[in-house]
Amino acid sequence: VSVVAYGGSGVSGASWPGVRRRLMQALALTVALLVGAIVLVPLFYVVVGGFRSTGEIAAQPVAWPQPWMVHNYTEIVTSSSFWHEVGNSAFIAIVATVAVVGTGAMAAYPLARFDFRARGALYALFVFGLIFPAGAAALPIYLMLRQLNLLDSLLGVALPEAAFGLPLTIVILRPFMRAIPAELEDAAVIDGCSRFAFFWRILLPLSGPALATVAIITFVASWNAYQLPLLVLSDSSGFTLPLGVANYYSQYTADTARILAFTALSMVPALAFFVLAERRIVGGLAGAVRG
Amino acid sequence: MRLVGSADPRREHLGAGSAADHADRTAIARRRRIRNGIETGLFVSPALALYLLFVVGPLIYAAYFSLYHWSGLGAAIDFVGLHNYVLAFQDDLFRASILHNFTIAALSIVFQLPLGLGAALLLNRRFPGRAALRLVFFAPYVLSEAIVAIIWLLMLQPDGLVDHFFRAVGLGGLIHLWLADLHIVLYTMFVVITWKYIGFGIILFLAGLQGIPGEVLEAASIDGANELQAIRHVTIPLLGPTIRIWGFLSIIGSFQLFDLIWLTTLGGPSGASSTMATYLIDHGFRRYQFGYGSAASVILFMISLVIAVLYQGILLRRDTEGAVTRMVA
């Protein structure tokens, strides 16, 4: 919209401003492509490198595979450890997401719509978590999990992740739930709806978009998490995909091609998810910050 | 995070009764209050339990154990007061780690802000392939730190892809041991960090740009502003709140920095890329100094808190006063 608006189309005609606009456009495109290349080249390097042999890569880092070899990929896809790690990551991410959406929505409802004395303090307590750096929490969380006998358990990763997802969840959900008109709730109450029924049958469905945003943010964060799983899951049977990638790297340090293939495969779920949910991830992150 | 003025959604209309009803009404009101309290408790308690157990609890744990000399095994009995804190601030490596965190935060603001803003302004224009390019810019942001770290580890190896690129463009003389040179490694890591997180900034700035009404820019053009002037005097000031929030998140993120560093250098060589987070994990888990590591955790927490409070107080307060709406309206 804006380009046309202040590019000087109107009376001035197509003369100097028009040329300048086209120049700017060309410059913009060049820069954009350059930056695009900086992002894409490493990704291509990984995917293509997985089809080469380690010897080839060492001799010439930038080249097409000759010939294309799939055995690095097939070996990983047919190994059980890769799928085991995908499964662990998925389990943790799903548990964390369900926990954060469930408990977060329940807590956001009274924080948005009830009147009680501790409301401000309670909300402040949750918001405070936004600035609690996960890096500072990792060590004491480990101690806490050991106390609770949750070390080396997938729940031991999922529950703290959910807890740390709560602040953002409540910050996003509260204004959304507050914006739902009071008349709607009054009408529901007159019809004999309890607060629980209102929450379950009216508020939750109406909060769908905000819940989806929260769910996706939590899921992606959990799927990518490294530090907490690293500390909590010491047995390789519990490894998540990020731990698996790092482990594969140290296990096959000398075999670059294998590492590239493993890394490429581990990118697939995240990138596929991103392509499918891009609008919601982008909209959600942007909205979360503005909310 | 603005606080919207609250209107109690559940106003109780008890009706204006006579004085005789008074006792009845207070009884009803009390019952209602109790019920309100119970219902609130039921709704809030699962989240509160989770939060107290895994967010507030660990903080208290850390504060407690930071006062002990403790290997993490058995009970903590060797009370040393604030000695761990004194030790931490006396350790050159810990002070260097704090400095590294501040360096990364400063570099992020100085380099990523113009870069991200420029990219967002580009992507806000119309040109063929824009949607695809957007997807590309954001891709690194959704990849895990582990993947990003491994990719760059491989590319930055001596004689790896990066070195070949430098030679190909005739800058072979600039080649260093990117991850092993004491004076380079922190900046190498900053490049990796930028590659990974710049997409997040672009997302935010784009969202901010789309919130700027076209009429404002039209007005600027009618007043004779060219495009660059319009960007400088209209777009960027209107993006102020978004930029400040990005800055906040970027700084907080810089202080949490762990994954990328740990996976590529473990904070090395000889501490040249260590951050507070890698330092405390190194001491807690690899050297079994859990009391000391807890003290470092508390220091990291306090620094983050002070910065957050200062930043909120100085820069973000304006945003809650509706700077945008006032300027636009």
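These exercises, each with a worked solution, go through pockets, cavities, salt bridges and backbone geometry in a predicted model.

Residues are numbered from 1 along each chain as its sequence is written, and chains are lettered from A and ligands numbered from 1 in the order in which they are written. In this predicted model, local features need pLDDT of at least 70 and side-chain atom pairs count only at pLDDT 80 or more, while totals for chains, interfaces and linings use all residues; side-chain values use heavy atoms, with hydrogens and water left out.

**Exercise 1. Describe the second largest pocket: its volume, its lining and the helices that supply the lining.**

Step 1: terms. On a 1 Å grid over the protein atoms alone, a pocket is an open set of points with protein on both sides within 12 Å along at least five of seven lines. Lining residues have an atom within 4 Å of a point. A volume is the space filled by probe spheres set on the points, which are joined across faces, edges and corners. Helices (H or I, at least four residues) and strands (E, at least two) are DSSP runs, numbered from the N terminus.

Step 2: volume. The second largest pocket holds about 1,100 Å³. Of its 36 lining residues, A:I38, B:W152, B:F165, B:V191 and B:W195 are the closest to the centre.

Step 3: helices. Chain A gives α2 (16–49), and chain B gives α3 (92–123), α5 (145–155), α6 (161–168) and α7 (185–210); each supplies at least two lining residues. The largest share, 9 residues, comes from α7(B).

Step 4: chemistry. Ala, Val, Leu, Ile, Met, Phe, Trp, Tyr, Cys and Pro count as nonpolar, Asp, Glu, Lys and Arg as charged, and the others, Gly among them, as polar. This pocket's lining has 31 nonpolar, 5 polar and no charged residues.

**Exercise 2. Describe the second largest cavity in the same terms.**

Step 1: term. A cavity is a set of grid points where a 1.4 Å probe fits but cannot get out.

Step 2: count and volume. The whole structure has 3 cavities of 30 Å³ or more. The second largest encloses about 40 Å³.

Step 3: lining. Residues of both chains are listed, including A:W223, A:N224, B:S144 and B:I147. In chain A, α11 (208–224), α13 (241–251) and α14 (256–290) each supply at least two of the lining residues. The largest share, 3 residues, is that of α13(A).

Step 4: chemistry. The lining splits into 6 nonpolar, 3 polar and no charged residues.

**Exercise 3. Which parts do the salt bridges A:E185–A:R113 and B:E39–A:R195 join?**

Step 1: terms. A salt bridge is a side-chain nitrogen of Lys or Arg within 4 Å of a carboxyl oxygen of Asp or Glu. Buried means under 20% relative accessible area, exposed over 50%, partly exposed in between (1.4 Å probe, protein chains only).

Step 2: total. All chains together hold 9 salt bridges.

Step 3: within chain A. A:E185 bridges to A:R113, with the closest N and O atoms 2.8 Å apart. A:E185 sits in α9 (residues 182–190) and A:R113 in α5 (residues 80–113), so the pair ties together parts that are 72 residues apart in sequence. A:E185 is buried at 1%, and A:R113 is buried at 1%.

Step 4: between chains. B:E39 and A:R195 meet at 2.7 Å, N to O. B:E39 is in α1 (residues 22–65) of chain B and A:R195 in α10 (residues 195–206) of chain A, so this pair joins two chains. Both residues are buried. Shared partners link A:R195, B:R35 and B:E39 into one network.

**Exercise 4. Where is the cis peptide bond that joins A:Q66 and A:P67, and where are B:S270 and B:Y288, with their positive phi?**

Step 1: background. Most residues other than glycine have a negative phi, and most peptide bonds are trans.

Step 2: the cis bond. Omega between A:Q66 and A:P67 is about -10°. A:P67 falls in the loop between α3 (54–59) and α4 (71–77) of chain A.

Step 3: positive phi. B:S270 has phi near 35°. B:S270 belongs to the loop between α11 (259–264) and α12 (276–286) of chain B. With 69% relative accessibility, B:S270 is exposed. B:Y288 has phi near 55°, in the loop between α12 and α13 (290–320) of chain B. B:Y288 is also exposed, at 52%.
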